[in-house]
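Student: I should like to understand how aromatic rings are judged in a protein structure. Could the tutor take me through the reasoning?

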Amino acid sequence: MRNAPDHSLAAVLRIRDFRNLWIGLGLSSLGDWMGLLALTAMANASAESYAGKNYAIATVLFLRVLPALVMGPIAGYVADKLDRRRTLIWGDYLRGALFVTIPIVGQLWWIFVVTVLVEAVSLVWGPAKDATVPNLVPRHRLEAANQISLATTYGSALPAAAVFAGLTLVDKFYRHVFDGFIGGPVDLALYFNAVSFIVSGFVITRLKHIPSGPASVDPESSALKVVLDGWKYVATTPVVRGLVIGIVGAFAAGGVVIGLARTFVSDLGGGDSGYGVLFGTVFAGLGLGMWRGPRLLQGLSRRRLFGIALTLTGLLLFPLALVQQLPVVVGITAVLGFFAGVGWITGNTMLGLEVPDEVRGRTFAFVGSMIRLALALVLAVSPLLAGLIGTHTLGPLDEFGHPYLVYNGAAFTFLIAAVLMTAVGVASYRQMVDRNGPSLMTELRHSFTGSAGVYSATGCFVAFEGGEGAGKSTQSQRLREWLEADGYDVVLTREPGATEVGAKLRTIVLDPATGDISPRTEALLYAADKAEHVDRVVAPALARGAVVVTDRYVDSTLAYQGAGRALVDREVERIARWATDDLRPNLTVLLDLPPQQGLTRFVERDRIEAESVDFHERVRDGFVHLAGNAPEHYLVVDARRPVDEIAEEIRHRLRPLLDHAVRRADA
Ligand SMILES: Nc1ncnc2c1ncn2[C@@H]1O[C@H](COP(=O)(O)OP(=O)(O)OP(=O)(O)O)[C@@H](O)[C@H]1O
Ligand SMILES: Cc1cn([C@H]2C[C@H](O)[C@@H](COP(=O)(O)O)O2)c(=O)[nH]c1=O
C-alpha cells in the first residue's frame, strides 16, 4: 500500500525522539527570539539621538543576517560534514555561553561580535536539525513534522515576546528591592535566553536515534553549483519564479516591520514592553496564519491563495504606516502577520510540491540565500532611511502646544514598503494564476462550501448530463463528429461501462435481474466505475491533449444517488470526488427535459429507468441545482429543441475552451 501523507500533529508528537528534538527546537528558538529582542533593546538604549538609535539597531540586525550571506549556501554542506549529534548539542551550549558573556562584558562592540558568532552557529545548527528529522519520523509523517518545526520556530517568538515584556514589568516592580543587583530587563532576558539554550542542548543529549558521524555528502554539490543551479531553475520556471519573488518580498516586508518596530513604538509613545507586545503580535498572527489560514480557505488554489495573501500583507502596511495609535497598530499588525503567515506556509508547501525532487534541495538553498540577502538589505537600509527622514510635525499645535500630527521616518519607510510589497504581491499573483482556471469568485465560493476541484491543464473535458432520453448520446456523437472534422484528437466515452471492469459493473447496476440493492451499494458501484473510467480512459487522454467527451459523469451520481435515492448529498459527493481524484469537466452540457417526455423516447427500461416519475423529477431538480451552483462551467439546454439547434449552441459554447486541446498529426 502507498504511504499517503498523514497530517496528524498528535501522531507525530507521539514519536518520543521527535518530541525531544521538538522540545529542544522550541527552547532554542525561544532563546533566539529573546536574544534578538534583548540585543535590539540594548542597541536602542546605547544611543541618544533618533538617528543614532536607528543606526545601532540597524547594525545589530544587519550583523545578524551577515553570516548567512557569507556562509548561507555552504552552511548545509558544513552541517553534513560534522557529527550531527555533537553539532546539535554543542551548538546549543555554545550559543547559551555566548549570550551569558554579553551582560558580563557590557559593551556595544561585544554585542556586535556575539550577534555574528551566534548566527554563524545557528546557520549550521538549523540544517543539522532539518537533516535529523527524517531519521526520527517515518516518511508519511514528514510533512506534519515539518509543519510543527516551522510553527515552533516562528511561533516561539510569541512566548519570547511575552517573557520579554513580562521581565520588563518585573524589573520595574523589583527595581527598588534589588537595586543594582541585576542590570535591567535586557540582562534578565539574556540570562533567561542562555538557560533556554543550555536546557535545549541537554534535552537533545537524550535523543537515541540521531545518527553519529557526518552525513554522506555528494562530492558534486559545491557551493558554486548550488547557487548556479538554483538561479537557472528559478529563472526558467514561471510558477517557481512567482513563488520566489513572493517569498523574498514577504520576508523583505517583514524585515522592514521588525527593523523599524522599536523606533516606531517609541514614536507612538510606547516603551520596551510595547515593543515586546508588537513583536509578539506579529508572530502570533504569523503562527495563526500558518496554522489555520490554508484550512479556512481550502477551496482556493494554493497559487491564488499565495498571491492574495501577499497582496493583502502589502495593503495592510498602508494603515500601519498611517495610524498613530499604538493599540490600533497592534490590531493591524496581528492581521498583517496572519496573511504573511498564510503566504509563508503556502509558498513553502508549494515549493515542496511544485519543485521536482531532483532540484528541490538546491531550490530551497537558493531561496534561503535570496531571503537572507533581501533581509540584510532591508534591515540595513530601512532604519538608515528612517534615520535620514527623521522627525516631522504636520498641522497646527493643539491646546497643549503639541503638534497635531507627528510623522516620523519609521512610518514613512513603512509607506514605501507598503507600495513595494503590494506590487510584489500583484506581480506574484499574475505570474502564478492560471487564466484558464476557475474565476476568483468561484474559488472563493467553493472555499466556504467545499473544494473547487481539479481542472485539467491539457486537453478539454466535456460531460453530457441529463435525465433519461434527453439526447446525450445523440449530442455527444454529433460533437465528436464536429471535433474530428476539425482535426482534434477526440475520445468519446460514457458512464457506466467504458472499461472492462466498468462493463461488468454496468450489468450489475442496470440489469433489472439485480433487483433491489442498498442505495449505498449502488453509490459505491457507480463510484468504482468512475474511478476505473478516470484512471484508464479520461486522465490519460487529457494528458495527451485530447478532447474527452463523456456521456454522464459525477453529476449523474449526485443527481441519481444523491437527490434521487435521498442519500446525504455531501457523502455521495465525497465518494465520487475521491473516486475521480476531484477531476472536473471544463464544460458540462445539461440537457434538460421533463422526465415524462424523456421516458417516452424509448420503450425498454433498465433498473434505474424503471424508477417512479417522482424519482426522475428529483433527479432533474438535482441536475438543475448543480448547474445553478457553478454556471460558468455549465451550458443548460432545453432538450425539447431540435437536434441541430442544440448541437450548434454546444459548439458555440465549447469553441473558446479548446485552447489546450491538440489536433491529430494527420489533421
Ligand atoms: N432534441 C431531440 N428531439 C427529439 N428527439 C430526440 C432529440 N434528441 C434525441 N432524440 C431522440 O431521443 C431518443 C433518446 O436519445 P439519446 O439516446 O440521445 O438520449 P440519451 O440521453 O442518451 O438517453 P439515455 O441516457 O437514456 O441513454 C433517441 O431516439 C433520439 O433519436
Ligand atoms: C453515471 C451514472 C449513471 N446512473 C444511471 C443513469 C441511467 O439511468 C443509467 C445509465 O444509463 P444510460 O442511459 O446508458 O446513460 O445509470 C446513475 O444512477 N449514477 C451514475 O453515476
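The discussion below concerns the aromatic rings of this predicted model.

Student: How many aromatic pairs does a search of the whole structure find?

Tutor: The search gives 12 aromatic pairs.

Student: What makes Trp33 and Phe279 a pair, and why is the pair called edge-to-face?

Tutor: The ring centres of Trp33 and Phe279 are 6.0 Å apart, and a pair requires centres within 6.5 Å. Their planes meet at 65°, and an angle over 60 degrees counts as edge-to-face. The pair is therefore edge-to-face.

Student: Which parts of the chain does this pair link?

Tutor: It links distant parts: Trp33 belongs to helix α2 (residues 16–46) and Phe279 to helix α11 (residues 272–296), with the two positions 246 residues apart. Trp33 and Phe279 are both buried. Ring pairs also join Trp33, Tyr275, Phe279 and Phe283 into a cluster.

Student: How do you know that Tyr560 and Phe623 form an edge-to-face pair?

Tutor: Their centres are 6.1 Å apart, which satisfies the limit of within 6.5 Å. The angle of 80° between the planes is over 60 degrees. Tyr560 lies in helix α20 (residues 554–564) and Phe623 in helix α23 (residues 613–629), 63 residues apart. Both residues, Tyr560 and Phe623, are buried.

Student: What sits over the ring of Trp125, and what lies over the face of Tyr488?

Tutor: Over the ring of Trp125 sits the charged end of Arg95, 4.9 Å from the ring centre. Arg663 lies over the face of Tyr488, at 4.3 Å from the ring centre. The distance condition for such a contact is within 6 Å.

Conventions: Residues numbered from 1 in each chain as written. Chains lettered and ligands numbered in written order. Predicted model: local features only at pLDDT ≥ 70, side-chain atom pairs only at ≥ 80, totals over all residues. Heavy atoms only, no water. Phe/Tyr/Trp six-rings, centres within 6.5 Å; stacked < 30°, edge-to-face > 60°. Helix = DSSP H or I, 4+ residues; strand = E, 2+ residues; numbered from the N terminus. Buried < 20%, exposed > 50% of the residue type's maximum accessible area, 1.4 Å probe, protein only. Lys NZ or Arg CZ within 6 Å of the ring centre and 35° of its normal.
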